[in-house]
Structures are given as C-alpha cells and as structure tokens.
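Please walk me through this model in the viewer, one selection at a time. Tell me what to pick next and what is found there.

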Amino acid sequence: MNVKKVGNVILAVKDLKKSVDFYNNILGMPIKNTRSNWVDLGQSGALLSLHPASAELSTPNDMIMIGLVVGDVESAVNELKL
C-alpha cells in the first residue's frame, strides 16, 4: 500500500482560541506550530491541526479531515479508489 501513515487530523473549529486552550491546557497537547489561522498540536505521530471554520470556504463547524502521508500521490489515489 502506498499510504504510509496518518500525517495529521485537521479539525475546523468555531473558536480557535478556545479550542487551542482545551487541547493544550486541559488535554496537555504541546503546540508544535502556530500561524495566524492554524495551530498544530502534538509532538510525535499524527498532529492535530486546528483552524477556524469559515463560511467563505464553505467549511462546516467541527469538520474533520485526515491528512495522509503517501509515497506517490497518483498511485495512492488509485489505490484508495478501489
């Protein structure tokens, strides 16, 4: 299989500041990277990536996406279509 591992789980949240506070201060997940509209938490394995839900991007609140690490995108897509 061409899919190597889960790289990150991306969660669109209603309130980025509150969500970061919950995952960092309450659950104890360390902040790995911070950008103006994106925060990655975790230190090994898959990261939890939080970003604000956006009406402009048609991103529903609490939407979850999974980012996969693959060897080759085209062959991974073909494998996953099966």
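Start with the whole chain in cartoon view: this predicted model has two helices and five strands. Read from the N terminus, the order of the elements is β-α-β-β-β-β-α. The C-alpha atoms fill a box of roughly 40 × 30 × 20 Å along the principal axes. Of the 82 residues, 29% count as buried. Among contacts with a separation of 6 or more, 59% are between residues 24 or more positions apart.

Next, colour by pLDDT. The chain averages 85, and 90% of the residues score at least 70. Among the elements, helix H1 (residues 16-26) has the highest mean, 95, and strand S5 (residues 64-70) the lowest, 85.

**Strand S4 and its partners**

Select residues 47-52, which make up strand S4. Is this strand mostly covered or mostly uncovered? Five of its six residues are buried, so by the cut-off of under 20% relative accessible area S4 is mostly covered.

Add residues 3-13, strand S1, which pairs with S4 in the parallel sense over six bridges. To check the register, pick Val-9: this residue stands opposite Leu-48 in S4.

Now add residues 38-41, strand S3. S3 and S4 run antiparallel and are joined by three bridges. Here Asp-40 is the residue to pick, standing opposite Ser-49 in S4. Follow the backbone through the hairpin of S3 and S4, where five residues lie between the strands. Within this hairpin, Gly-42 takes a positive phi near 120°.

**Strand S5 and the other pairing of S1**

Return to S1 and add S5. These two strands pair in the antiparallel sense over seven bridges. Leu-11 has Ile-64 as its bridge partner in S5.

Stay on S1 and select Lys-5, which belongs to this strand. Lys-5 is partly exposed, with a relative accessible area of 49%. Leaving aside neighbours within four places in sequence, Lys-5 is in contact with Gly-67, Leu-68 and Val-69. For a sense of scale, draw a distance from the C-alpha atom of Lys-5 to that of Asn-33: the two residues are 28 apart along the chain and their C-alpha atoms are separated by 20 Å.

**The nonpolar core**

Show side chains for Leu-11, Val-13, Leu-16, Val-20, Tyr-23, Val-39, Leu-41, Leu-48 and Leu-50. These nine residues form the largest nonpolar core. S1, H1, S3 and S4 each supply at least two of its residues, and the largest share, three residues, comes from H1. In soluble globular proteins, nonpolar side chains tend to be buried together.

Which residues does Val-39 touch, not counting residues up to four places away in sequence? Select Val-39 and display its contacts: Leu-16, Val-20, Ile-31, Asn-33, Thr-34, Leu-48, Ser-49 and Leu-50.

**Along helix H1**

Move to Ser-19, found in helix H1. Ser-19 is buried, with a relative accessible area of 14%. A polar atom of the Ser-19 side chain lies 2.9 Å from the backbone oxygen of Asp-15. Not counting residues up to four places away in sequence, Ser-19 touches Val-13 and Leu-50.

Then look for aromatic pairs; the count comes to one. The pair is Phe-22 and Tyr-23, with 5.0 Å centre to centre and 80° between the planes, which makes the arrangement edge-to-face. How accessible is each of the two residues? Phe-22 is partly exposed, with a relative accessible area of 36%. Tyr-23 is buried, because its relative accessible area of 19% falls under the 20% limit.

**Helix H2**

Finish at helix H2 (residues 73-81) and select Glu-74, which is placed there. Is Glu-74 buried or exposed? At 60% relative accessibility, Glu-74 counts as exposed. Draw one more distance, from Glu-74 to Asn-2: the residues are 72 apart along the chain, and their C-alpha atoms are separated by 9.6 Å.

Key
Residues are numbered from 1 along each chain as its sequence is written. Side-chain values use heavy atoms; hydrogens and water are left out. Buried means under 20% relative accessible area, exposed over 50%, partly exposed in between (1.4 Å probe, protein chains only). Helices (H or I, at least four residues) and strands (E, at least two) are DSSP runs, numbered from the N terminus. Two strands pair if DSSP finds at least two bridges between them. pLDDT is the predictor's confidence in each residue, from 0 to 100. Rings of Phe, Tyr and Trp (its six-membered ring) pair if their centres lie within 6.5 Å; planes under 30 degrees apart count as stacked, over 60 as edge-to-face and the rest as tilted. A nonpolar core is a set of buried Ala, Val, Leu, Ile, Met, Phe, Trp, Tyr and Cys residues joined through side-chain atoms within 4.5 Å. Contact means heavy atoms within 4.5 Å. A polar contact is a pair of N or O atoms within 3.5 Å; within protein, one must be able to donate a hydrogen and the other to accept it, and residues adjacent in sequence count only if both atoms are side-chain atoms.
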